[in-house]
Amino acid sequence: APVVRGEWLNLIGDYSTAECSECGEIYEVSPDAEPCEEYFSAFKQCYKFCPNCGAKMDKHKESEVSE
């Protein structure tokens, strides 16, 4: 089966949620703390795959390599 590649999006801009670029599922990044870029980065490191659709979250890295 082909590998679906996506990335975590910070669409709201306040680092409170991460949205899968492939399925649109939204996850709360830091439910027990004030949202910040550090927690958003930690979320991306922890979730290498979307729990909803299984997309591998390395799409942005792939585009950086090919440039």
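In this predicted model, Trp8 stands opposite Cys20 in strand 2. Leu9 likewise has a counterpart in strand 2, standing opposite Glu19. Strand 1 and strand 2 run antiparallel and are joined by 2 bridges. On the other flank, Thr17 stands opposite Glu28 in strand 3. Here the pairing between strand 2 and strand 3 is again antiparallel, over 3 bridges.

Together, 3 strands form an open sheet in the order 1-2-3, with antiparallel pairing. Strand 1 and strand 3 (26-28) stand at the edges, and each has a single partner strand, so one side of each is left without a neighbour in the sheet. Strand 2 and strand 3 form a hairpin with 5 residues between them. Within this turn, Gly24 has a positive phi of about 85°.

The side chains of strand 2 split between two directions. Thr17 and Glu19 point one way, whereas Ala18 and Cys20 point the other way. All four of these residues, Thr17, Ala18, Glu19 and Cys20, are buried.

Ala18 and Cys20 belong to the largest nonpolar core. This core has 10 residues in all. Its other members are Trp8, Tyr27, Val29, Phe40, Phe43, Cys50, Ala55 and Met57. Strand 2 and helix 1 (37-46) are the elements that give two or more residues to the core. Nonpolar side chains tend to be buried together in soluble globular proteins. Phe43 touches several residues distant in sequence, namely Trp8, Ala18, Tyr27, Glu28 and Val29, when residues up to four places away are not counted.

Glu19, in strand 2 (residues 17-20), is a charged residue without a charged partner. Glu19 is buried yet has no salt bridge. The nearest side chain of opposite charge is that of Lys59, 12 Å away. A salt bridge would require a distance within 4 Å. Leaving aside residues up to four places away in sequence, Glu19 touches Glu7, Trp8, Leu9, Leu11, Gly24, Glu25 and Ile26.

One of these contacts, Leu11, lies in the loop between strand 1 (8-9) and strand 2. Leu11 counts as exposed because its relative accessibility is 57%, and the cut-off for exposed is over 50%. The C-alpha atoms of Leu11 and Ser21 are separated by 10.0 Å, and the two residues are 10 residues apart along the chain.

The cysteines were examined next. A search of the whole structure finds 0 disulfides. The sulfur of Cys50 is 3.8 Å from the closest cysteine sulfur, in Cys23, which is too far for a bond; the limit for a disulfide is within 2.5 Å. Cys53 is also in no disulfide, and the nearest cysteine sulfur, that of Cys20, is 3.8 Å away. Accessibility separates Cys50 from Cys53. Cys50 is buried, with a relative accessible area of 3%. Cys53 is partly exposed, with a relative accessible area of 39%.

Methods: Residues numbered from 1 in each chain as written. Predicted model: local features only at pLDDT ≥ 70, side-chain atom pairs only at ≥ 80, totals over all residues. Heavy atoms only, no water. Helix = DSSP H or I, 4+ residues; strand = E, 2+ residues; numbered from the N terminus. Buried < 20%, exposed > 50% of the residue type's maximum accessible area, 1.4 Å probe, protein only. Lys, Arg positive; Asp, Glu negative; His and termini not counted. Contact = heavy atoms within 4.5 Å. Core = buried A, V, L, I, M, F, W, Y, C linked by side-chain atoms within 4.5 Å. Pairing = 2+ DSSP bridges.
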